[in-house]
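Grab a pencil and work through these exercises with the model open beside you. Each one sets a task and then walks through a solution.

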Amino acid sequence: MSFLFGGRSSKTFKPKKNIPEGTHQYDLMKYAAATLGSGNLRLAVLLPEGEDLNEWVAVNTVDFFNQINVLYGTITEFCTEEVCPIMSAGPKYEYHWADGHTFKKPIKCSAPKYVDYLMTWVQDQLDDETIFPSKIGVPFPKNFLSIAKTILKRLFRVYAHLYHQHFSEVVQLGEEAHLNTSFKHFIFFVQEFNLIDRRELAPLQELSDKFTAGER
């Protein structure tokens, strides 16, 4: 039995983060969607002329959070405590969770637990108006880009886990094209603005190189 992605897209892992209509970020989100529709991901990630980098990174971070949310949500029945007792991206990469508050020291936990902690942690920051302001005229914090870098670095780990541990199930569900397009968009974006250290991208380096080689 196979599922088409559209039929399962309502099964999100966490509530979707909506950008308020009528805000400048909403306009930017619409612009991003339109340029993505052109099919050229290289052009789609470029900072629109005259726009603020923080705002562009904020809108795209929300978008990637929502995309990963949906993608992971479709395979939660396969990613269980028994099947994935550790959060890994292949045999060489294992991730431990720490958020600096509740978990000051990194803890070893199952993949579903890790992703749950991670997505809740991201969502809390996206909802914080002092970090991700949605109102016009409210400034971004001075350290906004470093906050966004940490969020994107950790969201990458969900892509890495999906590819290394659950790709056969993604294929089974007929979602590999959706996953590939989402990850390709993510890689082009983080490369364009140097948002993730190359060492962090190592678990999917070959795939990233393959995706980006054809569109230099």
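Which residues does Thr61 touch, not counting residues up to four places away in sequence?

**Solution.** Keep in mind throughout that this is a predicted model. Start by finding Thr61, which is in helix 4. Now look for its contacts, leaving out residues up to four places away in sequence: Thr61 touches Leu126, Phe132, Ala148, Ile151 and Leu152. Finish with its accessibility: the relative accessible area of Thr61 is 0%, so this residue is buried.

**Exercise 2.** Work out how helix 4 and helix 5 are oriented towards each other.

**Solution.** First, mark the two elements: helix 4 covers residues 53–73 and helix 5 covers residues 111–126. Next, take the geometry: they pack at an angle of about 150 degrees, and their axes are 11 Å apart. Angles over 145 degrees count as roughly antiparallel, so helix 4 and helix 5 are roughly antiparallel to each other. The crossing of the two is left-handed. Last, pick out who meets whom: on the helix 4 side you'll find Thr61, Val62, Phe65, Ile68, Asn69 and Tyr72, and they meet a set in helix 5 that includes Ala111, Pro112, Val115 and Met119.

**Exercise 3.** Classify the ring pair made by Tyr159 and Phe186, and say which helices the pair ties together.

**Solution.** The structure holds 16 aromatic pairs. In the one formed by Tyr159 and Phe186, the centres are 5.0 Å apart, with 55 degrees between the planes, and the pair is tilted. Now place the two residues: Tyr159 lies in helix 6 (residues 144–172) and Phe186 lies in helix 7 (residues 176–192), so the pair ties together parts 27 residues apart in sequence. How accessible are they? Tyr159 has 0% relative accessibility and counts as buried, and Phe186 at 0% counts as buried too.

**Exercise 4.** Do the job again for Tyr163 and Phe183.

**Solution.** Here the ring centres are 5.5 Å apart and the planes are at 65 degrees, so this pair is edge-to-face. Tyr163 is in helix 6 and Phe183 is in helix 7, so parts that are 20 residues apart in sequence are tied together. Tyr163 has a relative accessible area of 12% and is buried; Phe183, at 0% relative accessibility, is buried as well. Now zoom out: ring pairs link these two residues into a cluster whose members also include Tyr159, Phe186, Phe64 and Phe211.

**Exercise 5.** Find what sits over the ring of Phe188, and what lies over the face of Trp121.

**Solution.** Go to Phe188 first: the charged end of Arg42 sits over its ring, 4.1 Å from the centre. Then move to Trp121, where Arg154 lies over the face at 4.6 Å from the ring centre.

**Exercise 6.** Describe how helix 7 and helix 8 cross, then look at Asn194 in the loop between them.

**Solution.** The axes of helix 7 and helix 8 (residues 205–213) come within 10 Å and cross at roughly 85 degrees. Helix 7 and helix 8 are therefore roughly perpendicular to each other. Among the helix 7 residues in this meeting are Asn180, Phe183 and Phe188, while helix 8 brings Leu207, Ser208, Phe211 and Thr212. Asn194 is in the loop between these helices. Its phi is near 50 degrees, a positive value in a residue other than glycine. With 61% relative accessibility, Asn194 counts as exposed.

Methods
Residues numbered from 1 in each chain as written. Predicted model: local features only at pLDDT ≥ 70, side-chain atom pairs only at ≥ 80, totals over all residues. Heavy atoms only, no water. Phe/Tyr/Trp six-rings, centres within 6.5 Å; stacked < 30°, edge-to-face > 60°. Helix = DSSP H or I, 4+ residues; strand = E, 2+ residues; numbered from the N terminus. Buried < 20%, exposed > 50% of the residue type's maximum accessible area, 1.4 Å probe, protein only. Lys NZ or Arg CZ within 6 Å of the ring centre and 35° of its normal. Axes fitted to C-alpha atoms, helices over the stretch in contact; angles between N-to-C directions. Parallel < 35°, antiparallel > 145°, perpendicular 65-115°, else oblique. Left-handed = near helix turned anticlockwise from the far one by under 90°. Contact = heavy atoms within 4.5 Å.
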